[in-house]
Amino acid sequence: MAISGAYDYSVTASDIITASLTDIQVLQNGETADNNDITTALRSLNLITKELMGKPNVAPGLKRWTRKTLYQFLRLNKNIYTLCAIASSGDYCATGSYNQGTTTASAASGQAVIAVTAMVSAPVYQATVTPATGDYVGVQLSTGDFQWSTVSGSPTLPGNITFAANLTATVNSGAQVYSFPVASQVNVPLDVLTLVRRDLNAIDYPTDKMADIYEYEQLTNKNITSTPIQWFYQKNLASGSLYINCVPSTVTDVLRMICLYPIDDESVVGNTMAFPQQFYSLLRWLLAKDLAPAFGKVWTDTMQQNLEYALISAAATDVETVYQYFQPGREGGNFNYTT
């Protein structure tokens with residue numbers, strides 16, 4: 001018999017639940033769980049997956065699978081940016097990529113149409129793209145700040161883009177224009193791992209992550225206009241706050257961030273598990289152990305051994321190098337995680 005040649009085996013939440021309930025003998029082979037049991041198991045499975053995400057020591061390699069690249073667009077006179085699923089207070093942040101171009105003519109305040117070059121997709125900077133109806137679009141005004149709106153109609157570039165709102169100031173010829181789909185607006189990251197400042201020539205400039213909010217608060221003048229070289233991220237319940245050490249002097253720069261993201265919810269039993277294949281067995285046995293008391297089942301030594309073997313396998317998956325250094329005057333040293 002020939003080998004399959006396939007490498008895309010995946011499991012759904014239903015697969016994990018059925019295997020776990022079978023392992024603890026709530027189900028026999030071929031039986032189907034009733035709706036109440038499924039509800040209980042799905043709730044426990046979501047709790048388990050949330051425990052695994054982030055920076056747990058139990059599964060350090062899982063971070064490779066939950067990283068995303070974000071692009072934060074800067075604003076005039078602003079040094080704290082809100083990261084959330086809905087663009088808040090003029091803060092726009094794209095996941096994965098964005099489009100970049102310039103205006104080919106000036107535009108008067110009060111009108112809604114700007115003339116734009118062909119736009120390219122960043123960070124590739126090769127393929128030309130055209131914003132779609134409803135996409136976010138931002139243009140730099142003569143005041144220096146960006147005005148953001150959504151695309152109205154179906155533009156053809158090079159050509160005109162119509163804003164859903166009128167311009168609040170004039171736009172100069174050669175002004176920077178950015179766009180990206182509304183669906184690419186960032187969700188709330190668990191953490192920002194790295195951040196660089198990217199200029200219009202796609203040159204990245206390194207910045208330093210502040211160790212904690214206390215270091216940020218020690219900045220004497222947070223509103224000085226300069227080039228961002230330090231930053232700090234704080235996750236809140238429904239949003240995240242990105243602090244930079246100054247008000248940016250060049251708002252056409254973009255902050256390119258590598259962020260750690262939550263693992264997708266299992267909203268229904270048909271959802272595919274958002275885990276690498278090496279974690280499937282671990283999820284199965286973790287759920288089985290969690291459910292055993294609720295169903296009055298005995299957790300045996302053999303079951304525990306199966307769980308421990310699965311844990312060893314998952315914990316060794318895709319582990320990256322972690323480096324640390326010690327800085328005088330900072331108790332406990334300074335840790336930089338590249339995982």
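Q: Let's start in the loops. Where does P123 lie?

A: P123 sits in the loop between strand 6 (119-122) and strand 7 (128-129). Keep in mind that this is a predicted model.

Q: What kind of peptide bond joins A122 and P123, cis or trans?

A: Here's the general idea: most residues other than glycine have a negative phi, and most peptide bonds are trans. The bond that joins A122 and P123 is cis, with omega about 15 degrees. Another cis bond runs from L157 to P158, where omega is near -5 degrees. P158 is in a loop as well, the one between strand 9 (146-152) and strand 10 (159-163).

Q: And phi? What is the sign of phi at Q25 and where is Q25 found?

A: Phi at Q25 is positive, about 65 degrees, although Q25 is not a glycine. You'll find Q25 in the loop between helix 1 and helix 2. Q25 is also exposed, with a relative accessible area of 56%. A202 is another non-glycine with a positive phi, again about 65 degrees. Look for A202 in the loop between strand 12 (191-198) and strand 13 (204-206); A202 is partly exposed, at a relative accessible area of 28%.

Q: How do I read a loop residue like D91: is it buried or exposed?

A: Check the accessible area, then look at what the side chain reaches. D91 lies in the loop between strand 2 (80-83) and strand 3. D91 counts as buried because its relative accessible area is 0%, and the cut-off for buried is under 20%.

Q: Which partners does the side chain of D91 have?

A: One is the side chain of K78, joined to that of D91 by a polar contact of 2.7 Å. The D91 side chain also reaches the backbone nitrogen of T82, at 2.8 Å. Setting aside neighbours within four places in sequence, the contacts of D91 are Q72, R75, K78, I80, Y81, T82 and Q185.

Q: On to strands. Which strands does strand 1 pair with, and in what sense?

A: In a regular strand the side chains alternate between the two faces of the sheet. For pairing, follow the bridges. Strand 1 (residues 67-73) runs antiparallel to strand 19 (residues 254-260), with 7 bridges joining them. If you want a spot to anchor your view, R67 stands opposite L260 in strand 19. Strand 1 also pairs with strand 3 (residues 93-95), in the antiparallel sense and over 3 bridges. There, Y71 stands opposite A94 in strand 3.

Q: What about helices? How far does helix 2 reach from its first C-alpha to its last?

A: The trick is to set the span against the length expected at 1.5 Å a residue. Helix 2 (residues 35-52) has 18 residues and reaches 26 Å, close to the expected 26 Å. At its N-terminal end, D34 is the cap: a side-chain oxygen of D34 lies 3.2 Å from the backbone nitrogen of N36.

Q: Which residues of helix 2 are buried, and what covers them?

A: D37, A41, L42, S44, L45, N46, I48, T49 and L52 are buried. Their cover includes helix 1 (13-23) and helix 4 (280-291).

Q: How many residues does the largest nonpolar core have, and which have the most contacts inside it?

A: That core has 32 residues, and M273 and F275 have the most contacts inside it. Helix 1, helix 2, helix 4 and helix 5 (301-315) are the elements giving two or more residues to this core. Helix 4 provides the largest share, 7 residues. Take F275 as an example: leaving aside neighbours within four places in sequence, F275 is in contact with T49, L52, L62, I263, Y280 and L283. There's a second, separate core too, with 31 residues, including L70, F73, W231 and C259.

Q: Let's zoom out. How many helices and strands does the protein chain have?

A: The chain comes to 5 helices and 21 strands. Of its 339 residues, 43% count as buried. The C-alpha trace spans about 75 × 55 × 40 Å along its principal axes. Among contacts with a separation of 6 or more, 68% are between residues 24 or more positions apart.

Q: Where does pLDDT stay under 50?

A: Read the average and then the weak stretches. The chain averages a pLDDT of 89, and 91% of the residues score at least 70. Over residues 332-339, though, pLDDT stays under 50; for that stretch the model has 25 contacts beyond four places in sequence.

Terms used: Residues are numbered from 1 along each chain as its sequence is written. This is a predicted model: local features need pLDDT of at least 70, side-chain atom pairs count only at pLDDT 80 or more; totals for chains, interfaces and linings use all residues. Side-chain values use heavy atoms; hydrogens and water are left out. Two strands pair if DSSP finds at least two bridges between them. Helices (H or I, at least four residues) and strands (E, at least two) are DSSP runs, numbered from the N terminus. The expected span of a helix is 1.5 Å times one less than its number of residues. Buried means under 20% relative accessible area, exposed over 50%, partly exposed in between (1.4 Å probe, protein chains only). Contact means heavy atoms within 4.5 Å. A polar contact is a pair of N or O atoms within 3.5 Å; within protein, one must be able to donate a hydrogen and the other to accept it, and residues adjacent in sequence count only if both atoms are side-chain atoms. A nonpolar core is a set of buried Ala, Val, Leu, Ile, Met, Phe, Trp, Tyr and Cys residues joined through side-chain atoms within 4.5 Å. pLDDT is the predictor's confidence in each residue, from 0 to 100.
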